[in-house]
Amino acid sequence: MTIIVTGGAGFIGSNFIFHMLNKYPDYRIICLDCLTYAGNLSTLEPVMDNPNFRFVKESITDRAAVEKLFEEEHPDMVVNFAAESHVDRSIENPQVFLDTNIIGTSVLMDACRKYGIKRYHQVSTDEVYGDLPLDRPDMFFTETTPIHTSSPYSSSKAGADLLVLAYHRTYGLPVSISRCSNNYGPYHFPEKLIPLMIINALHDKPLPVYGEGLNVRDWLYVEDHCKAIDLVIHNGRVGEVYNIGGHNEMRNIDIVKLICKELGKPESLITYVTDRKGHDMRYAIDPTKIHDELGWLPETKFADGIKKTIKWYLDNESWWEPIVSGEYQNYYEKMYANR
Ligand code: NAD
Ligand code: DAU
C-alpha cells in the first residue's frame with residue numbers, strides 16, 4: 001500500500017504519518033508538503049531515515065509536480081491534510097485559502113482521476129457547519145447538518161468538500177470525507193489557542209482571550225483523530241462523510257484558566273481582547289455514525305490529554321522556540337498589537 005499524505009509537515013498530518021508508519025510497517029508513506037509557515041521539516045526528522053518514507057517539497061496546487069509524483073509512486077490512496085488552516089489569517093488574507101484549499105484539492109483529485117486511485121480522502125472540519133447557539137446544548141452537528149460557513153477559511157473548506165462530493169457523483173472517484181472538531185496535542189503550531197496560551201504563559205506574557213472567552217470548542221486529542229482517519233480510509237464507505245469528535249465541549253476561558261493552573265501561572269495574565277470577526281459561538285460534533293459503522297471512540301480524556309500536551313511543550317522547547325523567535329513575531333505583533 002502506497003499512500004500520499006499531503007500537509008504531513010503540519011500538526012495533524014505529521015501525527016498521522018507517525019501513526020501510520022508505526023502501525024503499518026509495510027506501507028509506503030509519501031509526504032507532499034510545500035512547507036508554508038505552518039510546515040516544519042524538523043517535525044518529520046524521526047522518520048526521515050525510514051526506508052518506507054519519502055518527503056517531497058511541492059505544492060498541491062502545482063499540477064505538473066503532482067502528476068510527476070503520481071507517475072513515480074502510483075499511490076493507492078491520497079489523504080489530503082494540506083491546507084491553510086488558521087481562521088484569523090483567513091480574515092486578513094482569504095486568497096491563499098481559496099488557492100490551496102479549493103484549487104489544491106481539485107488538482108489532487110484530477111491526478112487521482114488521471115492515474116487511478118483506490119481512495120481519495122479529504123480531511124475536513126466541523127467548521128463547515130457554521131456554529132451552534134450556546135443556549136441549545138441539545139443541538140449537535142451531524143453529517144446532514146446544512147453547510148453554513150462563517151469565515152473565509154471555513155468557506156474554502158466547504159467549497160473543497162462540495163468539489164470532493166461532486167467528483168464522486170460526476171466521475172465516480174472513490175472519495176471519503178471526515179469532519180473533525182478542534183484537535184490538540186504535540187506539534188500544534190503556536191498561533192492556535194492551546195499552544196499560544198501555553199507558550200505565552202511560560203514567558204509570563206498576556207494571554208489574549210477573544211471577546212468574553214465564552215465560545216465553546218469540542219476538543220479531541222490528535223492521536224484519536226489520526227486513528228479515526230485510519231479507520232475511515234480502510235473501512236469507511238466510499239462517497240460518505242464521517243464526523244469525528246469526542247463530546248468534549250469546553251469554553252475558551254476555562255481552557256486558558258486550566259493552562260494557568262497546570263503551569264502555576266496567575267490568572268491575572270488573562271487579557272480580554274477585541275473579538276474575532278464573525279466568531280463562531282459553539283462547535284459540537286455528534287459522532288454516532290463513525291461509532292456505529294466503524295467502532296471508533298476517542299481514547300484520551302481531556303484531563304489526561306491536556307497534561308500530556310503541556311508536558312510536551314515543556315519538554316520540546318527546541319521545536320517551538322525557533323518558530324516563535326522567527327517570522328512568527330511579526331505575525332504576533334500584527335495580529336495582537338492593537339487588539
Ligand atoms: P497546519 O496548518 O498545522 O498544517 C498544514 C500543512 O499543510 C503545513 O505543513 C503546510 O506546509 C502544508 N501546506 C499548506 N499549503 C500547502 C500546499 N499548497 N501544498 C502542500 N502543502 C501545503 O494544519 P493542521 O491543523 O494540521 O490541519 C490539517 C488539516 O486538518 C487541514 O485540512 C485542516 O483544515 C483540518 N482540520 C484541522 C483541525 C485542527 O483542529 N487543527 C480540525 C479539523 C480539521
Ligand atoms: O473546529 C476545527 C477547527 O479548529 C479547524 O478547522 C481549524 O483549522 C483550527 O484552527 C481550529 O479553528 P478555531 O478557530 O476553533 O481554533 P483557534 O485555535 O484559532 O481558536 C480556538 C478558540 O480560541 C476560538 O474560539 C478563538 C479563540 N482564541 C484563539 C486565539 C488564537 C482566543 O481567544 N485567543 C487567541 O489568541
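Select Pro208 and ligand 2: a backbone N or O atom of Pro208 sits 2.8 Å from a nitrogen atom of the ligand. Keep in mind throughout that this is a predicted model.

Stay with ligand 2 and add Tyr210, which has a backbone N or O atom 2.8 Å from an oxygen atom of ligand 2. Then show the side chain of Glu127, where an N or O atom is 2.8 Å from an oxygen atom of ligand 2. Switch on a surface next: ligand 2 alone exposes 690 Å², and the protein buries 95% of that.

Now colour by secondary structure. Two elements, α6 (193-202) and β8 (207-210), give two or more residues to the shell around ligand 2. The largest share, 3 residues, belongs to β8. The shell has 24 residues, and those that come nearest to ligand 2 are Asp126, Tyr153, Arg276, His279 and Tyr336. Coloured by class, the shell around ligand 2 shows 10 nonpolar, 8 polar and 6 charged residues.

Move to ligand 1. Of the 28 residues around ligand 1, select Ile12, Asp33, Ser85, Tyr153 and Lys157, which come nearest. Tyr153 is also listed among the nearest residues of ligand 2.

Three backbone contacts of ligand 1 can be picked out in turn:

- Asn183: a backbone N or O atom is 2.9 Å from an oxygen atom of ligand 1.
- Phe11: a backbone N or O atom is 3.1 Å from an oxygen atom of ligand 1.
- Cys34: a polar backbone atom is 3.3 Å from a nitrogen atom of ligand 1.

With the surface on again, ligand 1 taken alone exposes 840 Å², of which the protein buries 96%. The elements giving two or more residues to the shell around ligand 1 are α1 (11-23), β5 (119-125) and α5 (152-171). Of the elements, β5 supplies the largest share, 3 residues. By class, the shell around ligand 1 divides into 13 nonpolar, 12 polar and 3 charged residues.

Leave the ligands and select the largest nonpolar core, which has 38 residues; Ile194, Leu207, Ile259 and Tyr328 touch the most other members. Elements that give two or more residues to this core include α6 and β8, the elements already met in the shell around ligand 2. The others are α8 (252-263), β13 (270-273), α10 (302-315), α11 (317-324) and α12 (328-336).

Centre on Tyr328. Leaving aside residues up to four places away in sequence, Tyr328 touches Phe189, Pro190, Glu191, Leu196 and Ile323.

Last stop: a second, separate core of 34 residues, with Ile3, Ala9, Phe16 and Leu44 among them.

Technical notes:
Residues numbered from 1 in each chain as written. Chains lettered and ligands numbered in written order. Predicted model: local features only at pLDDT ≥ 70, side-chain atom pairs only at ≥ 80, totals over all residues. Heavy atoms only, no water. Near = heavy atom within 4 Å. Polar contact = N/O pair within 3.5 Å; in protein donor to acceptor, adjacent residues only side chain to side chain. Areas by Shrake-Rupley, 256 points an atom, 1.4 Å probe, with all protein chains shown as cover. Helix = DSSP H or I, 4+ residues; strand = E, 2+ residues; numbered from the N terminus. Nonpolar A, V, L, I, M, F, W, Y, C, P; charged D, E, K, R; others polar. Core = buried A, V, L, I, M, F, W, Y, C linked by side-chain atoms within 4.5 Å. Buried < 20%, exposed > 50% of the residue type's maximum accessible area, 1.4 Å probe, protein only. Contact = heavy atoms within 4.5 Å.
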